[in-house]
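Biologist: I am new to this structure and would like a close look at a single part. Could you choose one region, take me through it step by step, and then show me what lies around it?

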Amino acid sequence: MSAELTPLRNKIDEVDKKMLELLAQRLSLVEQVGEVKSQHGLPIYAPDREAAMLASRRAEAEKVGVPPQLIEDILRRTMRESYASEKDSGFKCLNPDLRSVVIVGGNGQLGGLFGKMFALSGYQVKILGSQDWHRADEILDDAGLVVVTVPIHLTEGVIEKLSSLPKDCILCDLTSVKKRPLSTMLRVHQGPVVGLHPMFGPDVPSMAKQVIVYSDGRGEEQYQWLLQQFKIWGASLCQMDADKHDNGMTLIQALRHFTSFAYGLHLSKENPDLDTLVTLSSPIYRLELAMVGRLFAQDPNLYGDIILSSEENIAMIKRFHQQFGEALTLLDNKDKAGFVSQFEQVSAWFGDYSQQFMSESQNLLKQANDAIHRA
């Protein structure tokens with residue numbers, strides 16, 4: 001058997017080496033593409049181009065007997081690397097006459113990411129950290145854009161200190177709640193104001209396909225260049241009213257983070273052997289376990305701030321607790337028919353999204369399974 005397998009494996013190794021050479025060639029071409037995009041101010045993420053290219057490659061793969069999903073998986077992973085490398089070429093500066101960009105809280109991770117992106121776009125970036133307030137007037141004197149990115153519970157207090165900005169200076173925040181910070185900015189500053197919420201963490205390799213929600217405040221025409229600059233970085237923009245945003249985030253962030261916290265807390269009290277849980281977990285349960293464990297690898301103050309940022313969050317969590325209790329009565333009564341009835345009602349509420357989420361999750365689970373190494 002070894003005599004038969006060895007030459008075949010050697011041939012596979014040779015093909016793999018050729019694939020590496022082709023990938024290196026592709027990344028080199030991507031670097032050149034990035035330079036052209038930088039010169040002409042083109043976004044690094046072009047959804048129409050990506051969709052057309054993937055459709056073409058899938059059709060070509062099918063013709064030669066290669067599973068279409070295989071080439072799409074390879075190309076999507078390659079494109080993710082490509083988007084990350086394209087930013088090394090820098091970005092076109094859409095507002096070269098802008099005075100300095102001041103990042104309040106720029107020593108933090110998210111502030112550092114945005115500071116880097118502005119610098120890559122040719123803007124003069126200044127940092128106003130917690131130890132710099134004694135010279136805040138000096139730092140803010142020529143500000144054309146001020147970005148506030150500090151912990152949620154400090155945001156409004158920091159904004160209150162920015163009442164002496166130049167009138168034409170754009171003031172914005174990067175907080176995960178929008179109504180109260182936006183209201184405070186509008187009260188404190190008479191110039192252009194916009195609320196921003198990057199829907200991603202500071203560890204993203206690039207902003208390609210990342211969503212930035214913005215809530216209009218005042219002087220929309222004066223910060224359109226800023227929104228377009230985000231698009232050049234690859235971000236997708238989503239305009240949303242501050243109230244609607246905060247209501248949605250109560251469910252998307254606060255409730256989900258709290259349920260993950262409660263599940264992790266319960267696990268720790270039950271004190272099972274984690275190695276056993278990991279061994280027994282199929283990809284979907286391992287992924288769920290990983291998402292809970294991921295929470296506890298991060299800053300507890302950040303998640304405490306998010307969950308406790310509003311009374312609405314706490315009220316929502318209490319309603320969830322009540323609903324959880326009502327669902328438990330089905331178990332106490334061993335009411336399978338009631339369980340099925342409730343299940344079907346929820347399924348009807350999800351509608352077509354159920355099948356869409358089933359398809360999306362299957363792709364995620366395939367990737368999760370690929371990443372698992374078992375002895």
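Modeller: Let's begin with strand 1, which runs parallel to strand 2 (residues 125-128) and is joined to that strand by four bridges. Strands pair here if DSSP finds at least two bridges between them, while the elements themselves are DSSP runs numbered from the N terminus: helices are H or I with at least four residues, strands E with at least two. What you have on screen is a predicted model, in which local features need pLDDT of at least 70 and side-chain atom pairs count only at pLDDT 80 or more, whereas totals for chains, interfaces and linings use all residues. Residues are numbered from 1 along each chain as its sequence is written, and side-chain values use heavy atoms, with hydrogens and water left out.

To find the pairing on screen, look for Ile103, which stands opposite Ile127 in strand 2. The path between these two strands goes over helix 4: strand 1, helix 4 and strand 2 make a right-handed β-α-β unit. Right-handed describes a path from the first strand over the helix to the second that runs clockwise when the strands point away from the viewer.

Strand 1 (residues 100-104) also pairs with strand 3, in parallel and through five bridges. Here Val104 has Val148 of strand 3 as its bridge partner. Just beyond strand 1 comes Gly105, in the loop that leads to helix 4 (109-120). Gly105 is buried, at 17% relative accessible area; buried means under 20%, exposed over 50%, and partly exposed in between, with a 1.4 Å probe and protein chains only. From Gly105 to Lys161 there are 56 residues in sequence, and their C-alpha atoms are 13 Å apart in space.

Now move across to strand 3. All six of the six residues in strand 3 (residues 143-148) are buried, so the rest of the structure largely encloses this strand. Strand 3 runs parallel to strand 4 (residues 170-173), with four bridges between them. One pair to look for is Val147 with its bridge partner Cys172 in strand 4. A second right-handed β-α-β unit appears here, made of strand 3, helix 6 (residues 152-160) and strand 4. As you follow the strands, keep in mind that side chains in a regular strand alternate between the two faces of the sheet.

Helix 6 also leads us to a charged contact. Glu160 forms a salt bridge with Arg187, the closest N and O atoms being 2.5 Å apart; a salt bridge needs a side-chain nitrogen of Lys or Arg within 4 Å of a carboxyl oxygen of Asp or Glu. Since Glu160 belongs to helix 6 and Arg187 to helix 7 (residues 179-188), the pair ties together parts that are 27 residues apart in sequence. Glu160 is partly exposed at 37% relative accessible area, while Arg187 counts as exposed at 51%.

The structure holds 14 salt bridges. Another is formed by the side chains of Lys209 and Glu50, at 2.8 Å from N to O. Lys209 sits in the loop between strand 5 (193-198) and strand 6 (211-218), and Glu50 in helix 2 (residues 47-63), so this contact ties together parts 159 residues apart in sequence. Lys209 is partly exposed, with 36% relative accessible area, but Glu50 is buried at 6%.

Arg58 and Glu72 meet in a salt bridge too, at 2.6 Å from N to O. Their pair links helix 2, where Arg58 lies, with Glu72 in helix 3 (residues 68-86), 14 residues away. Arg58 is partly exposed at 29% relative accessibility, whereas Glu72 is buried at 13%.

Finally, step back to place this region in the whole. The protein has 15 helices and seven strands, and its C-alpha trace spans about 80 × 65 × 35 Å along the principal axes. Of its 375 residues, 36% are buried.
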